[in-house]
Amino acid sequence: MVNPQATATTPAGRDVLAHALASQVKLEVVETDYRGHALTAAAQAAVDGADLVVAHGGDGTVNEVVNGLLAAGPSGATPMLGVVPGGSANVFARALGLPRNPVEATHVLLRAIEEGQSRRVGLGLVESGPSRRWFTFNAGMGWDADVVADVDRRRGKRASPSLYARVAIARYARPRHNRPDLTVQLPGEDPITGLRLAFVSNTDPWTYLGARPIHLNPGCGFETGLGLFALGTLGLPTVLRHFRQALSDKGVRRGKNLVRRDDVSRIVVSAPEPVRLQCDGDLIGERTRVEFVSVPSALSVAVV
């Protein structure tokens with residue numbers, strides 16, 4: 001599954017990667033034409049009994065492929081996932097330890113296929129009413145989803161860390177209407193009210209700012225439950241304090257306006273008014289109640 005619009009993909013590069021893969025496997029290349037195309041094609045590949053589906057693109061392409069593969073839920077018949085990064089951030093691929101260079105990542109994928117190596121990873125599942133959406137590295141309600149929405153509106157520009165940073169600053173300075181009023185429910189705890197944002201992690205780092213990892217939940221990983229990072233205020237001192245911590249090797253640790261948990265099986269976030277929701281950097285829509293669920297060993301990934 002190739003996204004020809006991804007930031008780091010070129011026609012010549014895609015041809016080289018396809019030729020390398022075709023030397024070892026029976027290959028069918030699908031170039032996506034529209035949002036949701038990779039999801040539909042991956043779901044059909046699962047129905048057709050494919051052994052391996054490779055996503056070559058950014059995190060949005062990977063997310064669509066994962067949701068297609070798991071459209072019927074995890075099972076022993078779910079095809080294995082391969083990832084060749086081609087976007088600007090490639091958070092999921094980098095969290096797996098894959099090279100950012102597509103050619104180098106293809107070599108790793110070919111070696112994994114040849115040696116029969118793979119890794120089971122846990123994923124996050126967003127449930128809101130009848131809709132469900134899998135995510136590989138993060139999801140969130142509030143500020144980050146508003147940033148994703150603004151970046152989506154600038155489709156004429158290539159997504160890049162600098163674009164996301166500029167939009168994040170602009171959205172912070174000019175928030176969408178009022179700051180959201182979120183309530184978080186965690187297993188075995190009383191509801192936590194009056195929160196202004198809620199970020200959910202499936203692994204660490206939460207994302208990258210260029211080459212710099214942002215560590216919101218350093219205790220989170222593909223073998224653990226979900227991580228929660230939530231703030232009770234978006235005052236400038238609080239935001240700057242936690243941003244500095246997130247850029248450090250130790251990550252975010254403490255703060256009186258901070259709610260942080262690692263290895264959580266279930267997180268419910270609700271609001272009196274609809275709040276934007278994003279998964280893996282894709283805008284899902286507006287919701288008043290969302291349940292985030294950790295699903296251990298949901299998918300097998302071809303990686304050495």
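R14 and E31 form a salt bridge in this predicted model, and their closest N and O atoms are 3.8 Å apart. The contact joins distant parts of the chain, since R14 belongs to helix α1 (residues 11-22) and E31 to the loop between α1 and α2 (37-47), 17 residues apart. The two partners differ in burial class: R14 is buried because its relative accessible area of 12% is under 20%, whereas E31, at 40%, counts as partly exposed.

## Charged contacts

Side chains of opposite charge can pair when their charged atoms come close. Across the whole structure, 7 salt bridges are found, among them the three tabulated here.

| Salt bridge | Closest N and O atoms |
|---|---|
| R14 and E31 | 3.8 Å |
| E223 and R119 | 3.0 Å |
| R260 and D262 | 2.8 Å |

The bridge between E223 and R119 also links distant parts of the chain. E223 lies in the loop between β10 (212-214) and β11, R119 lies in strand β3 (residues 119-128), and 104 residues separate them. With 58% relative accessibility, E223 is exposed; R119 is partly exposed, having a relative accessible area of 26%. In the bridge formed by R260 and D262, R260 is partly exposed at 25%, and D262 is likewise partly exposed at 26%.

A further arginine contact involves an aromatic ring. The charged end of R94 sits over the ring of Y208, at 3.6 Å from the ring centre.

## Aromatic pairs

The structure contains 4 aromatic pairs. In one of them, the ring centres of F135 and F292 are 6.4 Å apart; because their planes meet at 80°, the pair is edge-to-face. These rings come from distant parts of the chain, with F135 in strand β4 (residues 131-135) and F292 in strand β14 (residues 282-301), 157 residues apart. Both F135 and F292 are buried.

Another pair, F199 with F229, is stacked, with 5.9 Å from centre to centre and 20° between the planes. Here too the pair links distant parts of the chain: F199 is in strand β8 (residues 197-201) and F229 in strand β11 (residues 226-231), at a separation of 30 residues. F199 and F229 are both buried. Ring pairs also bring in W206, giving a cluster made of F199, W206 and F229.

## Cysteines

A search of the whole structure gives 0 disulfides. C220 takes part in none, and its nearest cysteine sulfur, that of C279, is 15 Å away. A disulfide would require the two sulfur atoms to be within 2.5 Å, so at 15 Å C220 and C279 do not form one. C220 is buried, with a relative accessible area of 7%, and C279 is also buried, at 0% relative accessibility.

## Annotated domain

The UniProt record, an unreviewed entry, carries the annotation "domain: DAGKc" for residues 1-130. In the model, this span is 41% helix and 17% strand, and its end C-alpha atoms lie 27 Å apart.

Key:
Residues numbered from 1 in each chain as written. Predicted model: local features only at pLDDT ≥ 70, side-chain atom pairs only at ≥ 80, totals over all residues. Heavy atoms only, no water. UniProt positions renumbered as here; feature names shortened; annotations may be inferred. Helix = DSSP H or I, 4+ residues; strand = E, 2+ residues; numbered from the N terminus. Buried < 20%, exposed > 50% of the residue type's maximum accessible area, 1.4 Å probe, protein only. Phe/Tyr/Trp six-rings, centres within 6.5 Å; stacked < 30°, edge-to-face > 60°. Lys NZ or Arg CZ within 6 Å of the ring centre and 35° of its normal. Salt bridge = Lys/Arg side-chain N within 4 Å of Asp/Glu carboxyl O.
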